[in-house]
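Welcome, and thanks for taking a look at this one. Please open the sequence and the structure side by side before reading on.

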Amino acid sequence: MNRVIVFIKQVPDTAELKIDPTTNTMIREGVPSIINPFDMYAIEEGIRIKEKWGDTEVVVVTMGPPQAETALREALSLGCDRAILLSDKKFAASDTYATSYILSCAVKKIGDYDVLITGKQASDGDTAQVGPGIASWLNIPSITYIRKIDEIRAGYAKVERMRNDGFDIIEVTGKFLMTVLKELNEPRIPSFRGKMAAKKAEIPIWSAEYLEADDGKIGFLGSPTRVVRAFSPPPKKGGIKVEGEDEETVNGLYNFLSENKML
Amino acid sequence: MISMPYNLTEEQKELVAIAKQIAEEKIKPLREQYDEEQLFPEEIVKILGNSDLYRVFIPEEYDGLGMGVFEMALVTEELSRIDGGIALAYAGSALGAFPIILFGNEQQKKKYLPPIASGEKIAAFALTEPEAGSDAANVKTKAEKKDGYYLLNGTKQWITNGGYAGIYSVFANVDFERGIRGMTAFIVDRDTEGFEIGKKENKLGIRASDTRELIFNNCKVPTENIIGREGMGFRVGVATFDQSRPGVAAQALGIAQGAFEEALKYAHERVQFGKNIYSFQGVSFMIADMAIKIEAARALVYNVAKLVDSGAKRTGGYSAMAKTFASDVAMEVTTNAIQVLGGYGYMKDYPVEKMFRDAKVTQIYEGTNQIQREVIAIHLAKELARIPKK
Ligand SMILES: Cc1cc2nc3c(=O)[nH]c(=O)nc-3n(C[C@H](O)[C@H](O)[C@H](O)COP(=O)(O)OP(=O)(O)OC[C@H]3O[C@@H](n4cnc5c(N)ncnc54)[C@H](O)[C@@H]3O)c2cc1C
């Protein structure tokens with residue numbers, strides 16, 4: 001049997017996040033929770049791989065408080081086969097370094113696998129670091145920002161990675177981790193039977209001890225990141241637009257490039 | 001949805017939630033284009049199938065969820081709230097499947113119901129002909145008995161899902177001299193020899209629904225495809241309508257609900273004479289009346305659907321009441337919703353003109369509201385006759 005592991009995160013359902021001015025962290029109370037929107041594409045792709053391969057198990061994993069179980073049940077209702085909740089007081093205040101370490105410990109506990117999938121980033125933290133982090137801890141390749149999968153079978157894949165200026169075609173052999181974009185697929189609607197089965201599913205809770213995680217690498221003490229200040233980044237500056245008739249634009253562009261020593 | 005809460009079970013709530021998600025996320029973005037271009041929603045059918053919604057009205061033994069008319073109505077209402085035409089790709093399949101569910105034998109059910117349950121195939125119900133509308137017994141399609149099969153000849157018109165169905169419940173007459181007792185229902189597979197899909201109608205409303213002519217030209221239907229027995233067709237038709245009319249009622253209810261919500265929202269946003277128009281009693285009372293009528297219709301429709309599901313006898317009169325009342329309410333509410341939106345409501349930029357066009361057919365098909373009142377009047381006379389005379 002093949003195995004795909006999908007990592008998801010429960011996030012507050014709002015773009016209007018309030019920041020606690022003293023701790024520089026988000027205030028989560030009273031905000032409804034959803035699955036991180038990007039992770040919906042990771043779940044969908046995991047299920048599609050299973051549908052393509054047959055005889056494949058899709059395991060969905062999240063680290064979070066006990067309430068994060070709701071997110072796992074939603075993933076099950078969409079077609080994931082089983083869910084695991086990583087929950088322990090010791091995990092609290094983990095940064096991306098500690099979180100990816102904890103998730104990689106879970107992968108080791110789950111056993112063999114073919115592909116790991118995460119969304120491109122979480123809508124609350126926006127770091128995009130956890131996916132590649134997991135891959136580093138496991139010492140496997142990671143391919144980020146996947147917009148299209150040309151081919152995928154156990155041990156091999158050919159994918160398209162989005163870049164600001166186009167895309168790369170990447171081939172990979174062996175196990176690997178991918179982080180996916182919304183261009184990759186269209187998440188399905190849950191089925192009635194899936195929802196009913198998900199309500200009844202048993203979801204094990206794995207603790208730090210069960211994961212045999214190194215206490216020095218988890219939680220606040222295991223997290224090297226310190227938030228110094230939270231601020232809105234200045235918007236990206238737009239490029240220049242060369243306008244006019246054909247010849248004018250070509251000359252304009254040529255002049256711009258040569259003036260800026262880009263030729 | 002702004003409406004009186006009902007005490008739905010956990011399962012019913014989940015069904016409604018799925019139907020709502022499909023309607024809001026998948027159907028809403030398509031509805032204007034599908035209406036304009038008269039496109040049949042094939043990809044929505046796939047989604048409805050994958051979400052198990054077609055299983056709702058199919059018994060468990062045949063891959064269904066074994067639920068009833070009530071649950072089918074809940075789903076239809078929720079889809080119709082966004083698009084009463086696309087909803088018919090769902091409800092129309094139930095209409096086509098009911099004859100098999102109610103009168104099919106084990107073999108037929110095993111063969112035909114599982115693909116309807118999964119949504120792999122949708123069903124259609126083919127009764128109406130150019131000369132047989134309200135006078136449904138007057139079908140001219142002939143079924144000639146041969147050795148091991150029947151030869152069907154004739155033309156059906158205005159058949160919902162006609163061009164996209166895989167399974168058709170077709171009504172023909174085996175012996176015109178026997179009149180109504182010659183009427184016989186058959187299951188016809190789409191790829192049967194001599195069966196052709198005819199022209200697609202261009203319609204006022206429910207334009208995303210596919211309404212077709214069906215042509216039977218020496219169409220060879222195996223004897224084993226008779227539903228019930230030879231001559232039982234009329235009974236099959238009547239019993240089917242008793243089950244399906246709460247579905248049309250739910251469609252009407254959903255359309256009305258959608259229009260009412262648009263009107264309520266718009267009346268709070270539109271400012272004239274320096275105030276929102278909801279502050280004018282002439283407008284807000286119109287909307288209050290919409291809410292009253294919709295709630296009354298919903299109470300009737302839900303109760304009739306549950307009555308049908310209870311297996312009670314003599315429910316036809318009540319099914320007719322639900323269909324008539326809900327469709328009349330839908331017509332009134334959608335008309336007034338345009339009034340609340342004024343000129344904007346008359347324009348295609350807002351969905352209420354479409355809802356108004358979609359509502360009209362609910363007063364016509366599965367028996368016009370005149371015919372429904374006829375059914376109700378006969379039902380009442382029969383009930384009176386049942387009271388023992390002192
Ligand atoms: C969009 C659409 C989809 C349809 N889908 C299907 C389908 O899937 N399958 C199918 O079999 N049929 C279908 N029909 C047909 C529909 O059921 C008939 O149109 C309906 O039964 C009325 O028949 P008619 O149109 O011939 O009207 P007629 O019977 O000609 O009626 C004309 C008018 O006379 C009135 N009238 C007739 N007889 C009486 C009477 N005895 N007393 C009082 N008034 C009377 C009617 O109420 C109506 O107002 C569909 C129709 C439409 C418009």
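Here is a short tour of the chain contact, the ligand site, the salt bridges and two backbone angles.

Please keep in mind that this is a predicted model. Chain A and chain B touch each other, with about 1200 Å² buried between them. In addition, a ligand is surrounded by 17 residues, and a search over all chains turns up 45 salt bridges.

**Where chain A meets chain B**

- Chain A brings eleven residues to the contact, while chain B brings 19 residues.
- Of the area of about 1200 Å² that the two chains bury, 58% is on carbon and sulfur atoms.
- On the side of chain A, the residues that lose the most area to chain B are Ile189(A), Phe192(A) and Arg193(A). Together these three make up 56% of what that side buries.
- There are four salt bridges between chain A and chain B.
- You can find a salt bridge between the side chains of Lys195(A) and Glu14(B), with a distance of 2.8 Å from N to O.
- Seven residue pairs are in polar contact between the two chains, counting pairs with both residues at pLDDT 80 or more.
- Sorted by class, the side of chain A that touches chain B consists of five nonpolar, two polar and four charged residues.

**Around the ligand**

- Which residues are the closest to the ligand? They are Phe125(B), Thr128(B), Ser134(B), Thr368(B) and Gln370(B).
- Thr368(B) places a polar side-chain atom 2.6 Å from an oxygen atom of the ligand.
- Leu127(B) uses its backbone instead: an N or O atom there lies 2.9 Å from an oxygen atom of the ligand.
- For Trp158(B), a polar backbone atom is 2.8 Å from a nitrogen atom of the ligand.
- On its own the ligand has 970 Å² of accessible area, and the protein covers 65% of that.
- Strand E3 (149-160) and helix H11 (369-386) of chain B are the elements that give two or more residues to the shell around the ligand.
- E3(B) gives the most, with three residues.
- By class, the shell holds nine nonpolar, six polar and two charged residues.

**A salt bridge within chain B**

- Side chains of opposite charge can pair when their charged atoms come close.
- Asp35(B) and Arg357(B) form a salt bridge, and their closest N and O atoms are 2.7 Å apart.
- Asp35(B) lies in helix H2 (residues 31-37) and Arg357(B) in helix H10 (residues 352-360), both of chain B, so this pair ties together parts that are 322 residues apart in sequence.

**Two backbone angles to look up**

- Trp158(B), whose backbone was mentioned for the ligand, has a positive phi of about 60° although it is not a glycine. This residue is found in strand E3 of chain B.
- Where is Ile206(B) placed? Ile206(B) is in the loop between strand E6 (195-200) and strand E7 (211-222) of chain B.
- Ile206(B) is another residue other than glycine with a positive phi, here near 30°.

Terms used. Residues are numbered from 1 along each chain as its sequence is written. Chains are lettered from A and ligands numbered from 1 in the order in which they are written. This is a predicted model: local features need pLDDT of at least 70, side-chain atom pairs count only at pLDDT 80 or more; totals for chains, interfaces and linings use all residues. Side-chain values use heavy atoms; hydrogens and water are left out. Contact means heavy atoms within 4.5 Å. Buried area is the accessible area (1.4 Å probe) that two parts lose on being put together, summed over both. A polar contact is a pair of N or O atoms within 3.5 Å; within protein, one must be able to donate a hydrogen and the other to accept it, and residues adjacent in sequence count only if both atoms are side-chain atoms. Ala, Val, Leu, Ile, Met, Phe, Trp, Tyr, Cys and Pro count as nonpolar, Asp, Glu, Lys and Arg as charged, and the others, Gly among them, as polar. A residue is near a molecule or strand if one of its heavy atoms lies within 4 Å of it. Accessible areas come from the Shrake-Rupley method with a 1.4 Å probe; for residues, only the protein chains shown count as cover. Helices (H or I, at least four residues) and strands (E, at least two) are DSSP runs, numbered from the N terminus.
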